[in-house]
Each structure stands twice: as structure tokens, then as C-alpha cells.
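Colleague: I am new to this structure and would like to learn how to read the way its helices pack. Could you take me through it step by step?

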Amino acid sequence: MNIGLVLKIIAALATVATGLLVLVKPSAAYGFTGLSAEGVRGVSEMRSIFGGLFIGLGIAPFLLGEPAYSMLGIAYVAIAAARAFSIVYDRSYAQSNLISLGTEIVLGIILVM
């Protein structure tokens, strides 16, 4: 198994792990997003979007094969682009935001290679 594929698998598994964490413990999302859920509707959104969507995106490459790794990478690059815009436009230079941006760029590059 080549190192590129190993890194892609790790990136996909990290995506699944993030989703599982938020699905099981929605309040954990606050630590890396700054978002907190208010009321049961908010908790449902955290579980479904940050939980279910990330689980599905991370599992897709294992079910669909190589092109799905690229799809996941494109998703991370799009998230990074939107975050970069927000960092500049909203002047949101919080360290956690910059760490998220770096993580998304690295995962995006790994997954589209």
C-alpha cells in the first residue's frame, strides 16, 4: 500500500471520527467550531450536519472507491475557501479558526492528490 493511499484513508477516517464525536456528543463541536446548540432543534442540526454528513462523507471513499477520495478532498478545499473568505471578511483570526483552515487545506490536498 502506498503512502498516498494511507494518508487518504487516515483523512477519511478522521472525517468519520469527527462525525461520530459530534453525533454522540454534540456539545463537543463547540471546541472546534465555536458553535453551540440551543434547544433540541439545534442539537438535531449538530448531530445531523456535523455528525451524519461528516460520517457519510468519510465513509463514501470506502464504498465508492478512488473518485470519492477526490470528492471528499474537494469538499475540504471548498470549506477552506469559504473559511479563508470569512477569516478575512469577518476578521475572524481566532487561533482555532486558523488551525481549522490549515487542517482543511492539508486534508484537501491529501485527498485530491
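Colleague: How are H1 and H5 placed with respect to each other?

Modeller: Start with the definitions: helices are DSSP runs of H or I with at least four residues, strands are runs of E with at least two, and both are numbered from the N terminus. An axis is a line fitted to C-alpha atoms, for helices over the stretch in contact, and angles between N-to-C directions run from 0 to 180 degrees. Under 35 degrees counts as roughly parallel, over 145 as roughly antiparallel, 65 to 115 as roughly perpendicular, and the rest as oblique. Here the axes of H1 and H5 come within 9 Å and cross at roughly 130 degrees, so the two helices are oblique to each other.

Modeller: Before we go on, this is a predicted model, in which local features need pLDDT of at least 70 and side-chain atom pairs count only at pLDDT 80 or more, while totals for chains, interfaces and linings use all residues. Residues are numbered from 1 along each chain as its sequence is written, and side-chain values use heavy atoms, with hydrogens and water left out.

Colleague: Which residues of H1 and H5 meet?

Modeller: Contact means heavy atoms within 4.5 Å. Leu7, Lys8 and Ala11 in H1 meet Leu107, Ile110 and Leu111 in H5. By class, that contact has five nonpolar, no polar and one charged residues; Ala, Val, Leu, Ile, Met, Phe, Trp, Tyr, Cys and Pro count as nonpolar, Asp, Glu, Lys and Arg as charged, and the others, Gly among them, as polar.

Colleague: Is Lys8 buried or exposed?

Modeller: Buried means under 20% relative accessible area, exposed over 50%, and partly exposed in between, with a 1.4 Å probe and protein chains only. Lys8 counts as buried because its relative accessibility is 6%. Leaving aside neighbours within four places in sequence, Lys8 is in contact with Glu66, Tyr69, Ile110, Leu111 and Met113.

Colleague: What about the crossing of H1 and H4?

Modeller: Those axes come within 11 Å and cross at roughly 60 degrees, which makes H1 oblique to H4. From H1, Leu5, Lys8, Ile9, Ala12 and Thr15 make the contact, with Glu66, Tyr69, Leu72 and Tyr76 on the H4 side. The residues of this contact divide into six nonpolar, one polar and two charged.

Colleague: How can I check the length of a helix, say H5?

Modeller: The expected span is 1.5 Å times one less than the number of residues. H5 covers residues 95–112, and its 18 residues should span 26 Å; the end C-alpha atoms are 26 Å apart, which agrees. For H4, 24 residues should span 34 Å, and the end C-alpha atoms are 35 Å apart, which also agrees.

Colleague: Which residues of H5 are buried, and what do they pack against?

Modeller: An α-helix has 3.6 residues a turn, so residues three or four places apart point the same way. In H5 the buried residues are Asn97, Ser100, Leu101, Glu104, Leu107, Gly108, Ile110 and Leu111. They pack against H1 (3–24), H2 (29–33) and H4 (66–89).

Colleague: And which residues are buried in H4?

Modeller: Those are Ala68, Tyr69, Leu72, Gly73, Tyr76, Ala80 and Ile87. Their cover includes H1, H3 (39–64) and H5. Take Ala68: with residues up to four places away in sequence not counted, Ala68 touches Ala60 and Pro61.

Colleague: Is Gly31 buried or exposed?

Modeller: Gly31, found in H2, is exposed, with a relative accessible area of 63%. Gly31 and Ser96 are 65 residues apart in sequence and 8.5 Å apart in space, C-alpha to C-alpha.
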